[in-house]
Amino acid sequence: MSSPNTVLPSYSGKPSLIAAVPFWGVHLVCLLVFFVDFSWGAVAVCGATFVTRMFGITAGYHRYFSHRAFKTGRVFQFILAFLGTTSAQKGVLWWAANHRIHHKNSDLEGDLHSPSRSGFWWSHLGWILAPDHEETQYSKIPDLAKYPELRWLNEHFLVPPTMLAVALYLVGGAGWLVWGFFVSTTLLWHTTFMINSLAHVYGSRRYETNDTSRNNLWLAIATMGEGWHNNHHSFMNSARQGFYWWEIDATYYILKALSWIGVTWDLIEPPARLFEEDTQLVEVVALAE
Ligand SMILES: [Zn+2]
Ligand SMILES: [Zn+2]
């Protein structure tokens, strides 16, 4: 782990109370699982809202909005944005703009969440809770900021998760609300955040990218394909992050199936050179300094 001194000087390194109180508040509410009536139905709802919203993050926020890895129509574009926004990870344009900055400066000065430069916990959640990056950098995302419906969603990013929480409560009562929203959202946060932290620390490296990105099967399962992070940093525009058939990538399978019925198209595939070159593991590292 890095010491606090390695936090990049341009960052405050201090969480803002306005962000930290609701963030940890959602974690605390999860403890209500011990007080609401238990049902397997509520646990199933938790799984369903986790998987559906993870798809919104991986297919939407990440592969589509950040990287334009495939094409789709304006209606499905909005559906992806809405779905991603229900995961309570701030606005779609905010997320995608910051992610583009991550790729531009991976593990270099200017990377918002580099575990090797700024410490594991900063890369996992500190950067989200700090006041440094609250504004959406529209200049990084002009291709999508031109859509008024996306700008509206980006500015009113609390509306979709609130709608989800209210709907769960109205349909299934307190049990569905606690499991389907609070537990699911907390799990979703930390699995997503692990791509910024753990996927730059633990796993194998097939490609000698200029960063610390790693491939990790367990993370790939938990995040529907995002764990092939070294693959992803080697060619970030690919709609597919599991480059080989054995590299499980659930998000890609769904995007591919959607392309068969015309909802998505022009899925960008990894270039042949990535398969022709010697792709032996470069190194396997347990924990970074
Ligand atoms: Zn990365
Ligand atoms: Zn990316």
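Over residues 1-10, where pLDDT stays under 50, how many contacts beyond four places in sequence does the model have? Let us begin there, and then move inwards.

**Figure 1. Confidence along the chain of this predicted model.** The answer for residues 1-10 is 15 contacts beyond four places in sequence, in a stretch whose pLDDT stays under 50. Residues 279-289 also have a pLDDT below 50, and the model gives this stretch 16 contacts beyond near neighbours in sequence. Please keep in mind that predicted coordinates should not be read in detail where pLDDT is low. For the chain, the mean pLDDT is 88, and 91% of the residues reach 70 or more.

**Figure 2. The largest nonpolar core has 41 residues.** Phe65, Val92, Leu93, Ala96 and Trp179 are the members that touch the most others. Two or more core residues come from each of helix 2 (40-66), helix 3 (74-85), helix 4 (92-104), helix 8 (148-155), helix 9 (159-196) and helix 12 (250-260). Helix 2 supplies the largest share, with 11 residues. A look at Phe65 shows contacts with Gly60, Ala81, Val92, Ala96 and Leu144, leaving aside neighbours within four places in sequence. Another core lies apart from the largest one; it has 8 residues, including Met194, Ala199, Val201 and Leu219.

**Figure 3. Helix 2 packs against helix 4.** The angle here is about 60°, and the axes are 9 Å apart. Helix 2 and helix 4 are therefore oblique to each other, and their crossing is right-handed. On the helix 2 side, the contact is made by Tyr61, His62, Phe65 and Ser66, which meet Val92, Trp95, Ala96, His99 and Arg100 of helix 4. You will recognise some names from the previous view: Phe65, Val92 and Ala96 are among the core residues that touch the most other members.

**Figure 4. Helix 1 (residues 17-29) packs against helix 9.** In this pair the axes lie 8 Å apart, at an angle of about 125°. Helix 1 and helix 9 are therefore oblique to each other. Which hand does the crossing of helix 1 and helix 9 have? The crossing is left-handed. Helix 1 brings Val26, His27 and Val29 to the contact, while helix 9 brings Val178, Phe182, Thr185 and Thr186.

**Figure 5. Helix 6 (residues 120-129) is largely enclosed by the rest of the structure, because 7 of its 10 residues are buried.** The buried residues are Trp122, Ser123, His124, Leu125, Gly126, Trp127 and Ile128. Helix 5 (115-118) and helix 9 are included in what covers these residues.

**Figure 6. Two pairs of residues far apart in sequence: Val43 with Gly180, and Leu108 with Asp211.** Val43 sits in helix 2. Is Val43 exposed, partly exposed or buried? With 16 other C-beta atoms within 10 Å, Val43 is partly exposed. Val43 and Gly180 are 137 residues apart along the chain, yet their C-alpha atoms are separated by 7.3 Å. Leu108, for its part, is found in the loop between helix 4 and helix 5. Leu108 counts as exposed, because it has 12 C-beta neighbours inside 10 Å. From Leu108 to Asp211 the C-alpha to C-alpha distance is 8.0 Å, with their places 103 residues apart in sequence.

Notes:
Residues numbered from 1 in each chain as written. Chains lettered and ligands numbered in written order. Predicted model: local features only at pLDDT ≥ 70, side-chain atom pairs only at ≥ 80, totals over all residues. pLDDT = per-residue confidence, 0-100. Contact = placed C-beta atoms within 7 Å. Core = buried A, V, L, I, M, F, W, Y, C linked by C-beta atoms within 7 Å. Buried ≥ 20, exposed ≤ 12 C-beta atoms within 10 Å, placed from the backbone. Helix = DSSP H or I, 4+ residues; strand = E, 2+ residues; numbered from the N terminus. Axes fitted to C-alpha atoms, helices over the stretch in contact; angles between N-to-C directions. Parallel < 35°, antiparallel > 145°, perpendicular 65-115°, else oblique. Left-handed = near helix turned anticlockwise from the far one by under 90°.
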